[in-house]
Amino acid sequence: IDPGTAITGFGALNQEGNRLRSIDYGVIRTTPDLSGSQRLKIIYQQVTDLIKRFSPQEIAVERLFFSKNTRTAFDVGEARGVILLAAAMQGVEIMEYTPLQVKMAVVGYGRADKRQVQEMVRVLLGLKVIPKPDDAADALAMAICHAHCRRNGLLKDVKR
C-alpha cells in the first residue's frame, strides 16, 4: 500500500515460485471537501474491505522518510496509521519498506527515477501498460519489493 490522504494506492500480487502476477490494483480516493477525520475513516474502511476481499498473508506499506514538507509528512503519517490499524484489526502482518529499498528491489538501483520504477513494475508483472495512476504503480512496486524480500529470505531485515 502506498499511503496518502488524497490518494492511497493499493496492489495485490500472487507469487508462485519466482513468478509474480498482478491480481488487482487501484487507488482509494478522498476529496478535499471532507474533514481530515472523514478522509481517514474512508481509508480505514476501504483498506479493511480490501483485506477482506484479498485475504493477504502480509501487507507491505511504505515507511515514512524525512520530508521537507512537514504538513504532508503528518498527513501521510495519519493515513499510514489508519492503514496499519486496519491491517492489525484484521490480523494481517505488516511489513514496511523505504523508497530506497523499493527502488533497489524493483530496479536494482536506489536512485532510480519514478518512470524507471514504473516501467520495471510493468515488465516484472507482464502488464501491457504502466499501471495508472502513479499511486497504484507505487503500491505494486511495494508489493514486488516485499515478494523479493520474502523469496530471498530477507524479511529478518524488514521492520514489522
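Here are a few worked exercises on a predicted model.

**Exercise 1: strand β3**

Work out whether strand β3 (residues 58-62) is largely enclosed or largely open, and which way its side chains point.

*Solution.* Start with the cut-off: a residue is buried when its relative accessible area is under 20%. Five of the five residues of β3 pass that test, so the strand is largely enclosed by the rest of the structure. Next, sort the side chains by direction. Glu 58, Ala 60 and Glu 62 point one way, while Ile 59 and Val 61 point the other way. That fits the usual pattern, since side chains in a regular strand alternate between the two faces of the sheet. Here, both sets are buried.

**Exercise 2: the partner of β3**

Find out in which sense β3 pairs with strand β4 (residues 93-97), and which β4 residue stands opposite Glu 62.

*Solution.* Look at the bridges: β3 and β4 pair in the parallel sense, over five of them. Then go to Glu 62, and you'll find Tyr 97 of β4 opposite.

**Exercise 3: salt bridges between elements**

Take the pairs Arg 53–Asp 24 and Lys 114–Asp 138, and say which elements each one links.

*Solution.* The cut-off you need is 4 Å from a side-chain nitrogen of Lys or Arg to a carboxyl oxygen of Asp or Glu. By that rule the model has six salt bridges. One of them joins Arg 53 and Asp 24, whose closest N and O atoms are 2.3 Å apart. Arg 53 sits in helix α1 (residues 36-54) and Asp 24 in strand β2 (residues 19-29), so this pair ties together parts 29 residues apart in sequence. Asp 24 has 23% relative accessibility, so call it partly exposed.

Now the other pair: Lys 114 and Asp 138 meet at 2.9 Å, N to O. Lys 114 belongs to helix α4 (residues 114-124) and Asp 138 to helix α5 (residues 134-151), a separation of 24 residues. With 41% relative accessibility, Lys 114 is partly exposed.

**Exercise 4: a salt bridge within α4**

Explain how Arg 122 and Glu 119 are placed along helix α4.

*Solution.* First, the contact: their side chains form a salt bridge of 2.7 Å, N to O. Then count along α4: the two are three residues apart, so about one helical turn separates them. Finally, check exposure. Arg 122, at 22%, is partly exposed, and so is Glu 119, at 27%.

**Exercise 5: helix α5**

Check the length of α5 against its expected span, then decide how enclosed the helix is.

*Solution.* At 1.5 Å a residue, its 18 residues should span 26 Å, and the end C-alpha atoms are 26 Å apart, which agrees. As for burial, 15 of the 18 residues are buried, so α5 is largely enclosed by the rest of the structure.

Key: Residues are numbered from 1 along each chain as its sequence is written. This is a predicted model: local features need pLDDT of at least 70, side-chain atom pairs count only at pLDDT 80 or more; totals for chains, interfaces and linings use all residues. Side-chain values use heavy atoms; hydrogens and water are left out. Buried means under 20% relative accessible area, exposed over 50%, partly exposed in between (1.4 Å probe, protein chains only). Helices (H or I, at least four residues) and strands (E, at least two) are DSSP runs, numbered from the N terminus. Two strands pair if DSSP finds at least two bridges between them. The expected span of a helix is 1.5 Å times one less than its number of residues.
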